[in-house]
Amino acid sequence: MEEPEQDIREKLAELVLKVRIHNSKENDFIEIELHRQELSYQSLLQVSCCELGIHPEQVEKMRKLPNTLLRKDKDIQRLKNFQEIEVLVKSGNSEWTQHTASPLTERPCYNSEAAKMTY
């Protein structure tokens, strides 16, 4: 069954990205759509924050996985469908901390019970 021509044009007009919050208890990505004619850092920030339920001022930076920092409109315009984006949230946000697991540095790394020797 063929798709109507209008549906195909609409799909080509959108960029679908997978986004999630870095170090969140929720490890899954969600898909967001951006219009290709309006690809900008600001539009990615607004749509991502809206979909993830956070405020744009909470965002420290955005990263294309595995290790590329997104900084400007041209970076966003180079993105391809279904690329994975991670939103890093500023650490001082109390709203944010309730949604995330505690970072490894805040957890004790030494288990004294496991270190006891038994003979």
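**A buried serine and the nonpolar core around it**

In this predicted model, a polar atom of the Ser-48 side chain lies 2.8 Å from the backbone oxygen of Leu-44. Ser-48 is found in helix H2, a segment that spans residues 41-52. With a relative accessibility of 1%, Ser-48 counts as buried, because the cut-off for that class is under 20% relative accessible area. When neighbours within four places in sequence are left aside, the residues in contact with Ser-48 are Val-19, Ile-32 and Val-87.

Leu-44, whose backbone oxygen takes part in the pair described above, also belongs to the largest nonpolar core, which has 21 residues and in which Leu-17, Leu-44, Ile-54 and Met-62 touch the most other members. At least two residues of this core are supplied by each of strand S1 (14-21), strand S2 (30-35), helix H2 (41-52), strand S3 (59-64) and strand S5 (84-89). Among the contributors to the core, H2 provides the largest share, namely five residues.

Two of these core members may be described in further detail. Met-62, once residues up to four places away in sequence are not counted, touches Tyr-41, Leu-44, Leu-45, Thr-68, Leu-69, Leu-70, Ile-85, Glu-86 and Val-87. Ile-54, by contrast with the residues of helix and strand, is found in the loop between H2 and S3. Its relative accessible area is 9%, and Ile-54 is therefore buried, since this value falls under the 20% cut-off. Leaving aside neighbours within four places in sequence, Ile-54 is in contact with Ile-21, Cys-49, Val-59, Val-87 and Val-89. For one of these partners, Val-89, a separation can be given: the C-alpha atoms of Ile-54 and Val-89 are 8.9 Å from each other, although the two residues stand 35 residues apart along the chain. Val-87 appears in the contact list of Ser-48, in that of Met-62 and in that of Ile-54.

The chain that holds these residues has five helices and five strands, and these elements follow the pattern α-β-β-α-β-β-α-β-α-α when read along the sequence. Of the contacts in the chain with a separation of 6 or more, 56% are accounted for by residues 24 or more positions apart. Buried residues make up 29% of the 119 residues in the chain, while the area that the chain exposes is about 8,900 Å², of which carbon and sulfur atoms supply 48%.

Definitions and conventions
Residues are numbered from 1 along each chain as its sequence is written. This is a predicted model: local features need pLDDT of at least 70, side-chain atom pairs count only at pLDDT 80 or more; totals for chains, interfaces and linings use all residues. Side-chain values use heavy atoms; hydrogens and water are left out. A nonpolar core is a set of buried Ala, Val, Leu, Ile, Met, Phe, Trp, Tyr and Cys residues joined through side-chain atoms within 4.5 Å. Buried means under 20% relative accessible area, exposed over 50%, partly exposed in between (1.4 Å probe, protein chains only). Helices (H or I, at least four residues) and strands (E, at least two) are DSSP runs, numbered from the N terminus. Contact means heavy atoms within 4.5 Å. A polar contact is a pair of N or O atoms within 3.5 Å; within protein, one must be able to donate a hydrogen and the other to accept it, and residues adjacent in sequence count only if both atoms are side-chain atoms. Accessible areas come from the Shrake-Rupley method with a 1.4 Å probe; for residues, only the protein chains shown count as cover.
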